[in-house]
Amino acid sequence: MSKIDRRILKTQEALKTAIIELMSEKNFDDITVQDLSDRANVSRGTIYLHYMDKYDLLDKLIESHINELRKRCKAVADVDFVTGSVIWTEYFDQNYAFFSTMLASKGAAYFRNQFLEFLIEEFKDEVDNTKGKNKGFNKELVVHFLASSYVGVVEWWFTNEKPVPHEVLAEQLGGLLERICE
């Protein structure tokens, strides 16, 4: 496996930080490549060496966080919802700048939809509508309810600047998921 040059990683990290900072200041549509260049202290040409445009940069950034959440899901597949939620909320807390910007900025709809689709996929296997509390309910409806609720609570947590510690958020979310999915 070949190592990636540290300069490349440093440039990509500077660009990711720049786009998050700029999105916290203005609408994504108003951000120019020159804005990114100035904020990251790299040339416009350097940006195009790494990304096709600002949309590609944002896509790659979102994809990296969704992939990390997916890995964390697989790692906690056999634990209860509360324990699994701690892993997620800890990641949310560690990446507060990214998630709060993505969920609170004017460009939030794109990320929100990506996050929602990811959660729908993750919750599909958790809902059993053949027995228990969910018997007779439309499975797709229950899954969308769960995913939408989860996104809504996470948005609330970020837009209100973490009104409870991530451990409390995890305990509460996990408890709610256990009530619905059991």
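**Reading a helical chain, starting at Gln 114**

Trainee: Okay, Gln 114 sits in helix α7, residues 108-124. Is Gln 114 buried, partly exposed or exposed?

Mentor: First off, this is a predicted model. The general idea is that buried means under 20% relative accessible area and exposed means over 50%, with partly exposed in between. Gln 114 comes out at 33% relative accessibility, so it counts as partly exposed.

Trainee: And which residues does Gln 114 touch, leaving out those up to four places away in sequence?

Mentor: Contact here means heavy atoms within 4.5 Å. For Gln 114 the partners are Ile 62 and Ile 66. Both of those residues belong to α4 and are buried.

Trainee: How far is Gln 114 from Ser 85, in sequence and in space?

Mentor: They are 29 residues apart along the chain, and their C-alpha atoms are 19 Å apart.

Trainee: Back to α4, then. What span should its 22 residues have?

Mentor: You take 1.5 Å times one less than the number of residues. For α4, residues 54-75, that gives an expected 32 Å, and the end C-alpha atoms are 32 Å apart, so the two agree.

Trainee: What caps the N-terminal end of α4?

Mentor: Asp 53 does: one of its side-chain oxygens lies 3.1 Å from the backbone nitrogen of Tyr 55.

Trainee: Which residues of α4 are buried?

Mentor: Quite a mix of names, including Leu 57, Leu 58, Leu 61 and Leu 69, but also Lys 54, Asp 56, His 65, Arg 72 and Cys 73.

Trainee: Now the outside. Which residues make the nonpolar surface patch of about 260 Å²?

Mentor: Patch members need over 30% relative accessible area, and nonpolar side chains are joined within 5 Å. Here the patch is made by Ile 4, Ile 8 and Leu 9. Take Ile 8: it lies in helix α1, residues 6-25, and its 34% relative accessibility makes it partly exposed.

Trainee: Let's zoom out. How many helices and strands does the chain have?

Mentor: There are 9 helices and 0 strands, so reading from the N terminus you just get α-α-α-α-α-α-α-α-α. The C-alpha trace spans about 60 × 40 × 30 Å along its principal axes.

Trainee: What share of the 182 residues is buried, and how much area does the chain expose?

Mentor: Buried residues make up 39%. The exposed area is about 10,600 Å², with carbon and sulfur atoms supplying 51% of it.

Trainee: Last one: among contacts between residues at least 6 apart in sequence, what share joins residues at least 24 apart?

Mentor: That share is 64% for this chain.

Note on methods: Residues numbered from 1 in each chain as written. Predicted model: local features only at pLDDT ≥ 70, side-chain atom pairs only at ≥ 80, totals over all residues. Heavy atoms only, no water. Patch = residues over 30% accessible without salt bridge, like charges linked within 9 Å, V, L, I, M, F, W, Y side chains within 5 Å. Areas by Shrake-Rupley, 256 points an atom, 1.4 Å probe, with all protein chains shown as cover. Salt bridge = Lys/Arg side-chain N within 4 Å of Asp/Glu carboxyl O. Helix = DSSP H or I, 4+ residues; strand = E, 2+ residues; numbered from the N terminus. Buried < 20%, exposed > 50% of the residue type's maximum accessible area, 1.4 Å probe, protein only. Polar contact = N/O pair within 3.5 Å; in protein donor to acceptor, adjacent residues only side chain to side chain.
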